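Visitor: I would like to go through this model by asking about one part at a time. Please give the reasoning before each result.

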Amino acid sequence: MDRSLKTILLLGPCLTFFGCSNILQSVDLSINVKDKAAQEDFNVIEKTLTLAEANAQRAAPYTRVVSREGTGSNANIVSESLALKSEFPAQNELSVYKLGVGDQLIFSRLIENASKENDVISTWPKSIDDFEYKLGIGDELRILQIVEEEKQQQRSVGVAGSDDAIPNFTTEETVQNIIESDGRVGSDGSVLLLEIGRLDAEGKTLNELRSEVRNILIRNGSSPRFQLEIAKFRSQRAYLTINNTSSVITLNDQKTTLLDILSSAGKGLEIGMATNVKLQRGDKKFNMGLRKIFSNDAPNIQIKDKDHIFVEDVTSRVSQTTAVVGEDGYVVIAGVGKISALNRSLAEIRNEVELRMNKVPNSENAFQVEISQFNSKQALINIPGEAGGIVSITNKNTPLETVLSQNGVAVNGKEIKRVRLKRSGKTYYFTFADLITKNAEPIFLQPNDRVSLEILKYKPNKIFILGGITPKILNIEPAIRETLADVLFTAGGVLSSTGAMRSEVYLLRGKNPVTAYHLDAQSPTRLIVADAMELRPNDILFVSEQPIVSFNRSLATITPLRILLSDIEDGAIP
């Protein structure tokens with residue numbers, strides 16, 4: 001009796017000790033006894049998981065949510081269906097760009113010779129057959145005269161052995177002297193020559209003047225042996241103008257042709273170049289093409305005094321000027337003047353330029369007016385992580401999808417890119433994917449548009465695993481769409497645990513009622529069914545515990561008590 005009592009007295013503290021060995025401190029939770037609400041229960045319906053049921057569940061909606069970035073109430077969770085809703089602005093008619101303050105215009109003007117060489121009908125002057133140079137004012141003459149003089153000279157004969165010379169006889173010797181004289185034809189048309197006197201020279205030929213000089217010499221008893229030439233030719237000249245460059249050509253007593261003058265000026269035929277030649281002689285004008293002048297059948301045109309030759313290349317050049325619309329709304333264009341540009345279209349500007357432009361003679365007067373810089377109208381683009389910023393509105397009506405794509409925006413299945421457009425006091429939301437696929441008409445940027453891009457990332461979903469294994473939460477990716485087989489049969493999966501009962505696998509889905517899909521995973525062929533069953537967010541996977549595991553857990557609790565009782569029986573505890 002005493003021994004039994006002793007055992008009971010010892011057993012009580014031991015049981016208390018083993019039962020409370022893991023409790024370090026008691027927890028006291030105050031409960032409001034007035035709250036009589038009971039824990040909610042759910043109705044569970046069991047179904048055998050078949051291949052047909054798995055395929056039917058695969059077609060069920062896959063509920064996903066996305067997270068919004070931002071501050072305050074903007075940073076929250078949004079359902080996928082709400083994030084995918086799109087509202088587009090009404091399609092406006094394409095508007096014509098109106099110029100504003102700061103826009104820059106470029107005015108290009110083509111200046112060219114409107115006449116072509118092939119279009120010129122050549123007219124040739126008459127040939128000059130009796131050409132002889134006529135002296136004029138400024139010409140310089142030079143005369144060389146041969147004058148003979150007789151000189152007497154006495155010769156002496158010397159006596160041998162004596163220093164005295166005795167005149168013996170007198171001789172005569174003729175000496176020729178050359179007299180050179182220059183004279184210039186003065187403003188009165190006369191020239192003064194030494195030994196000749198003053199002669200009227202203007203308008204006379206050199207032969208006529210030589211005859212007069214010969215007669216004068218004979219009349220004066222002088223030898224008519226002389227030479228009269230023109231030392232400098234200064235009275236006759238022609239003029240040559242090649243495009244914008246002019247020069248004076250002095251004519252002489254040699255026959256000077258048009259071909260000589262053009263060749264001396266370095267003017268020849270050029271590939272791709274058409275050249276027109278005009279000869280003005282008095283009140284008459286003659287037109288010729290350069291290629292015709294150089295042809296074999298062209299007449300030999302002799303140039304006369306006071307002829308003017310015009311050589312005009314049929315070339316073109318483009319002059320450009322820029323003008324900026326000032327604060328007063330006007331632009332100043334060279335050759336046009338100051339014109340109003342504010343809120344006017346480019347077509348209106350062109351019409352006024354054509355009316356007011358100074359016309360260039362002998363030119364087609366072609367011009368072009370374009371906008372080189374668009375600075376007056378802008379839209380704001382805000383793209384996270386990209387350049388974005390201010391976008392200039394141009395006359396090309398740029399689609400919004402083009403602007404976004406150029407700034408790196410692209411469709412990505414792992415996130416939703418939502419566009420917010422503020423226009424004329426109203427805000428529109430739509431996805432970038434709908435913008436490029438579903439919107440039939442493009443949305444063109446308008447002045448003062450405010451466009452921002454919001455990137456909504458999918459929130460990772462989860463399922464719950466419990467039962468005969470360590471409870472845990474497993475994340476599933478919506479983009480991957482894991483199946484039941486991914487959780488059960490893969491390495492480290494649920495059934496890799498030795499405590500899991502393969503015949504009692506349940507997948508719980510829904511709220512009230514909750515459907516428990518039962519799968520007997522003892523056969524490897526059940527992998528087909530498990531692979532067809534897609535997991536959904538918040539699914540609960542319950543795997544029963546092996547009976548032996550429950551027994552071992554109970555035995556592990558009893559074993560310390562059994563050892564204690566054995567020690568008592570053996571008398572280890574007095």
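Visitor: Which residues of helix 2 are buried, and within what arc do they fall?
Guide: This is a predicted model. In helix 2, which spans residues 51-58, the buried residues are Glu53, Ala54 and Gln57. They line one face of the helix, because seen down its axis they fall within an arc of 100°.

Visitor: What do the buried residues of helix 2 pack against?
Guide: Three of the elements are strands: strand 1 (44-48), strand 26 (500-509) and strand 27 (514-519). The buried residues of helix 2 also pack against a helix, namely helix 11.

Visitor: Where does aspartate 539 lie, and is it buried or exposed?
Guide: Helix 11 covers 527-532 and strand 28 covers 540-545, and aspartate 539 lies in the loop between them. Buried means a relative accessible area under 20%. The value for aspartate 539 is 2%, so the residue is buried.

Visitor: Which residue has a side chain joined to that of aspartate 539 by a polar contact?
Guide: The side chain of aspartate 539 has a polar atom 2.8 Å from the backbone nitrogen of arginine 536. That partner is a backbone atom, whereas the contact asked about joins two side chains at 2.7 Å. The residue on the other side of that contact is arginine 509.

Visitor: Which residues does aspartate 539 touch, leaving out those up to four places away in sequence?
Guide: With those neighbours left out, one group in the list is Lys462, Ile463 and Phe464. The others touched by aspartate 539 are Leu507, Leu508, Arg509 and Glu534.

Visitor: Which residues of helix 7 are buried, and what arc do they cover?
Guide: Helix 7 runs over residues 346-356, and its buried residues are Leu346, Ile349, Glu352 and Val353. They are on the same side of helix 7, because the arc they cover around the axis is only 125°.

Visitor: What is the phi of asparagine 343, and is the residue buried or exposed?
Guide: Asparagine 343 is in the loop between strand 17 (337-340) and helix 7. Its phi is positive, at about 60°, although the residue is not a glycine. Exposed means over 50% relative accessible area. Asparagine 343 has 53%, so it is exposed.

Visitor: What is the phi of serine 424, and what is its relative accessible area?
Guide: Serine 424 lies in the loop that links strand 21 (415-423) and strand 22 (426-431). Its phi is positive, near 55°, in a residue other than glycine. Serine 424 is exposed, because its relative accessible area is 77%.

Visitor: How much space lies in the largest cavity, and which residues line it?
Guide: The count of cavities of 30 Å³ or more is two. The largest cavity holds about 40 Å³, and its lining divides into four nonpolar residues, three polar and one charged. The lining consists of Pro125, Lys126, Ser127, Ile128, Pro299, Asn300, Ile301 and Gln302.

Visitor: Which lining residues lie nearest the centre of the second largest pocket?
Guide: This pocket holds about 380 Å³ of space. By class, its lining has 12 nonpolar, nine polar and four charged residues. Of the 25 lining residues, those nearest the centre are Ser95, Asn397, Leu445, Gln446 and Pro447.

Visitor: How many helices and strands are in the protein chain, and what share of its residues is buried?
Guide: The protein chain contains 12 helices and 28 strands. Of its 574 residues, the share that counts as buried is 33%.

Definitions and conventions: Residues numbered from 1 in each chain as written. Predicted model: local features only at pLDDT ≥ 70, side-chain atom pairs only at ≥ 80, totals over all residues. Heavy atoms only, no water. 1 Å grid on protein atoms, 1.4 Å probe; cavity = no way out; pocket = protein on both sides within 12 Å on 5 of 7 lines; lining within 4 Å. Points joined across faces, edges and corners; volume = space filled by probe spheres on them. Nonpolar A, V, L, I, M, F, W, Y, C, P; charged D, E, K, R; others polar. Helix = DSSP H or I, 4+ residues; strand = E, 2+ residues; numbered from the N terminus. Buried < 20%, exposed > 50% of the residue type's maximum accessible area, 1.4 Å probe, protein only. Polar contact = N/O pair within 3.5 Å; in protein donor to acceptor, adjacent residues only side chain to side chain. Contact = heavy atoms within 4.5 Å. Arc of directions from axis to C-beta.
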